[in-house]
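Visitor: Could you walk me through this structure, one feature after another?
Guide: Gladly; let us have it in view.

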Amino acid sequence: MRAPADSTNPKFAEYAAPERLVSTQWVADHLDTPGVVVVESDEDVLLYETGHIPGAVKIDWHTELNDPVTRDYVDGAGFAALMGAKGIGRDHTVVIYGDKSNWWAAYALWVFTLFGHSDVRLMDGGRALWQAEGRELTTAKPERPATDYPVIDRDDSRIRAFLPEVLERIGGVPLIDVRSPDEYTGKRTHMPDYPEEGALRGGHIPTARSVPWARAANEDGTFKSAAELRSIYVDDLGLDTDEDVIAYCRIGERSSHTWFVLEHLLGFRGVKNYDGSWTEWGNVVRVPIARGEEPGEARTS
Amino acid sequence: MSETAPLPGGLQEIADDFAAMPDADKLQLLLEFSQELPDLPDRFAEHPELLEPVPECQSPIFLVTEIDDDSERTVHLHFSAPPEAPTTRGFAGILHEGLDGRPAATVLSVPAELPLRLSLEEQVSPLRLRGMSGMLARIQRQVSERTAAGAE
């Protein structure tokens, strides 16, 4: 049932998991392929309503993938109900795209991965590239028959980090802070041009290295080549694909983008996204914080 | 027992419209507001430096207020936001529809909790609604400064 990988783009072939990315052309060619579901996931909650890829369904990270009460994702029953209503089957090939260089698309893909949905891919370049190429958008609502998606326990152990683990492993595992330089140094507690999201303290987790997410993306929002990515994360940063890595940002959306790069494009074995990120760390009593441009040292006790 | 006071200007009618709309259609109504947001008049379109940015919004939006010299100090609102930011445009459209052409006192009397009275938290998310708070706060500050300056 799994749709074929996109073998038309030589750039993809160089990645550790080439089947995780598809081109806009591949999507255009597979709009009517049974078993392929295209999903739009955006920062702007109305963008899908202004026009979307024909047949694409919308999944909103804020309002659909999150639990409405606890700061956590939906549980297995909630995910099964959402998938069922969207017409997504457990064996379907899910291709996600979105605005903002696919931040929220990558975040949605990461949540799908927590539920072990095996074939989930990103459309390289996202919504902006599809539009720039003059491809069709429609406001016609897709009609997909509801599916019976199984209830799967969410597995938070492999790719998700919680605060106690991050705190425990400072100095023992490389941390990557993917926020903007001003957020990293502590000059500001939120993204440039973004709302204040209520972090009481600014700075970064001690020992975290600053690698803003955008270094992995080209101007048009597509991912850089495998060689360029290796040069950033392996050569410059000195990371080893066999060792564990934890990435974070402010609520986990930009670090999902970096998680995707490390996990699927470079083939790191143990990458976790700390989705509590700065909106958690910057508010917790007595956790260590480093300010300024230097990563800072692990506290010795 | 005190009931919540109705929203000023045309805002209560808008809030009532959203409240009466089934959840599934609320985003469509917000989309209509985004589509009805008037373009910037040329005198501002040619002088973007006269507009104030609203960093609380997720997408770039700029706004400026003008106040007539009449007895009511009638307020005019102008916004600039790109089409790829329809939610932000929708927020601006609500403020424009509800407050443009109203007296300064009406604009200044809008409570800061306005975004939470539009029945949009579940469809839009509280985090995104903060953008509208930022716009309202800037509109009110501009109107406040400009009416105070005019009174001297």
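**Reading the interface, pocket and cavity**

Guide: Chain A and chain B bury about 1,700 Å² between them, with 57% of it on carbon and sulfur atoms; buried area is the accessible area (1.4 Å probe) that two parts lose on being put together, summed over both. This is a predicted model, in which local features need pLDDT of at least 70, side-chain atom pairs count only at pLDDT 80 or more, and totals for chains, interfaces and linings use all residues. Residues are numbered from 1 along each chain as its sequence is written, chains are lettered from A and ligands numbered from 1 in the order in which they are written, and side-chain values use heavy atoms, leaving out hydrogens and water.

Visitor: What ipTM and pTM does the predictor give the complex?
Guide: The ipTM is 0.85 and the pTM is 0.92. Chain B has an average pLDDT (the predictor's confidence in each residue, from 0 to 100) of 90, and 94% of its residues score at least 70.

Visitor: How many residues of each chain are in contact?
Guide: Contact means heavy atoms within 4.5 Å. By that rule, 20 residues of chain A touch 21 residues of chain B.

Visitor: Which side chains meet in a salt bridge between the chains?
Guide: Side chains of opposite charge can pair when their charged atoms come close. The rule here asks for a side-chain nitrogen of Lys or Arg within 4 Å of a carboxyl oxygen of Asp or Glu. Between chain A and chain B the count is one salt bridge: B:Arg128 with A:Asp60, at 2.8 Å from N to O.

Visitor: Which residues line the second largest cavity?
Guide: On a 1 Å grid over the protein atoms alone, a cavity is a set of points where a 1.4 Å probe fits but cannot get out, and lining residues have an atom within 4 Å of a point. Here the lining consists of A:Asp42, A:Asp44, A:Val45, A:Tyr48, A:Lys58, A:Ile59 and A:Asp60. A:Asp60 is thus in this lining as well as in the salt bridge with B:Arg128.

Key. 1 Å grid on protein atoms, 1.4 Å probe; cavity = no way out; pocket = protein on both sides within 12 Å on 5 of 7 lines; lining within 4 Å.
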